[in-house]
Amino acid sequence: MGFKVAVVGATGNVGREILDILAERRFPADEVVAIASRRSQGVDVSYGDKTLKVKALEHYDFSDVDICLMSAGSAVSKEWSPRIGAQGAVVIDNSSCWRYDADVPLIVPEVNADAVVSFRKKNIIANPNCSTAQLVVALKPLHDKAKIKRVVVATYQSVSGAGKDAMDELDRQTKALYSLQDVEMKKFPKRIAFNVIPHIDVFMEDGYTKEEWKIVAETKKILDPKIKLTATCVRVPVFISHSEAVNIEFENPITVEEARALLSSAPGCLVIDKREPGGYITPHEAAGEDATYISRIREDATVENGLAMWVVSDNLRKGAALNAIQIAECLINRKLIQAKQKAA
Ligand SMILES: NC(=O)c1ccc[n+]([C@@H]2O[C@H](COP(=O)([O-])OP(=O)(O)OC[C@H]3O[C@@H](n4cnc5c(N)ncnc54)[C@H](OP(=O)(O)O)[C@@H]3O)[C@@H](O)[C@H]2O)c1
């Protein structure tokens, strides 16, 4: 018997990607239900070659749902994930609401799949921030080999990471600038078209932004609490895929050749690294793909055991939808969940 899967936030960037990936990977679902806010009730969304009519969250009965893939933001998750979990469905949540809760596992299957076993405490599993997911996939094989001491990362994050309204804003502003009209700013505090903004999420007391704090806290929870990390997160006028310039200091020696070989065979990683024009990945090419791409691997000679690299991945896929579905697959493959008996 297959599973009943609810996709909450099905009209959003991540939700639509979840529906595509469920169909692409032939996820063992007998039924998939698309759910969003009351505003979207009755709207059509695609699931493979089928069309689903969106249902409203507030009226939905989750009692026979097995897996709920939630991507409707923190406020919705705070209210609904515990309720849905209490009805016996496992909630895999894309928001930041539960990531730092000690009773909720925060999972990137290539990195810490074993930690998933503790999910029954709340019936909630958290998916990391999009920038963290691709970063830890690339750091894990290097950490296993040479033990990471410190990481310095600068992110170049696409507008899709801020939701569908943010993509519309880049589109509108670009068109306005080409037709010599005034640019309207709603979603971002400064113009995003033909610009970059060194600010994502709210400012914290120490001067870092919450997005930067999230990468630090999540890398510690997923990979190793001893790793020191500092981040600068920047929004760039790219629609899909986040890029990261990463400098790593290791406890033990590791050569560029060793790193390249390790990353070439690591799960989820794809190395594209020729030292010639175009011999690297750009966000445009990573969009729609599953891999975490690594390019520009080189020695960072400013520290004793140092490497520098360029990491790119589709933030809507590995950074959100794909990772959530991989977590669900992990639960099924490890026989940690079973489909509920459904009424005939
Ligand atoms: N985009 C990324 O790269 C990324 C990566 C990791 C995590 N996330 C997280 O994933 C979540 C969704 O992001 P997104 O980019 O998909 O946002 P989005 O494009 O703005 O979509 C938001 C979705 O949530 C639904 N929603 C909003 N309020 C709701 C309510 N009261 N009840 C039910 N549904 C409601 C919306 O439905 P309506 O259309 O009906 O309003 C829509 O389906 C966020 O928490 C985000 O932080 C995003």
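Strand 1 (residues 3-8) and strand 2 (residues 29-36) run parallel and are joined by six bridges. These strands belong to a predicted model, and the pairing between them makes a convenient place to start. Phe3 has Ala29 of strand 2 as its bridge partner, while Ala6 stands opposite Val33 in strand 2. Strand 2 is mostly covered, with six of its eight residues buried.

The wider setting of this pair is an open sheet of six strands with parallel pairing, in the order 5-2-1-6-7-8. Its edges are formed by strand 5 (55-56) and strand 8 (124-126), each of which pairs on one side only. Helix 1 (residues 13-24) lies across strand 1, strand 2 and strand 6 (67-70). Relative to strand 1, helix 1 runs at about 155°.

Attention can now turn to the pockets, beginning with the largest. The largest pocket has a volume of about 1,400 Å³. Its lining comprises 50 residues, and those closest to the centre of the pocket are Ala72, Gly73, Gly161, Ala162 and Gly163. Helix 1, already met above the strands it lies across, returns here: helix 1, helix 2 (74-86), helix 5 (164-178), helix 6 (210-222) and helix 9 (317-333) each supply at least two residues of this lining. By residue class, the lining of the largest pocket holds 17 nonpolar, 21 polar and 12 charged residues.

The second largest pocket, with a volume of about 170 Å³, leads back to strand 2. Which strand gives the largest share of the lining of this second largest pocket? That share, four residues, comes from strand 2. Strand 4 (50-53), like strand 2, supplies at least two residues of the lining. The residues that line the second largest pocket are Ala23, Ala29, Asp30, Glu31, Val32, Tyr47, Gly48, Asp49, Lys50 and Leu52. Five of these lining residues are nonpolar, one is polar and four are charged. Ala29 thus appears in two roles, as the bridge partner of Phe3 and as one of the residues lining the second largest pocket.

Key:
Residues are numbered from 1 along each chain as its sequence is written. This is a predicted model: local features need pLDDT of at least 70, side-chain atom pairs count only at pLDDT 80 or more; totals for chains, interfaces and linings use all residues. Side-chain values use heavy atoms; hydrogens and water are left out. Two strands pair if DSSP finds at least two bridges between them. Contact means heavy atoms within 4.5 Å. Axes are lines fitted to C-alpha atoms, for helices over the stretch in contact, and angles run from 0 to 180 degrees between N-to-C directions. On a 1 Å grid over the protein atoms alone, a cavity is a set of points where a 1.4 Å probe fits but cannot get out, and a pocket is an open set with protein on both sides within 12 Å along at least five of seven lines; lining residues have an atom within 4 Å of a point. Grid points are joined across faces, edges and corners, and a volume is the space filled by probe spheres set on the points. Ala, Val, Leu, Ile, Met, Phe, Trp, Tyr, Cys and Pro count as nonpolar, Asp, Glu, Lys and Arg as charged, and the others, Gly among them, as polar. Buried means under 20% relative accessible area, exposed over 50%, partly exposed in between (1.4 Å probe, protein chains only).
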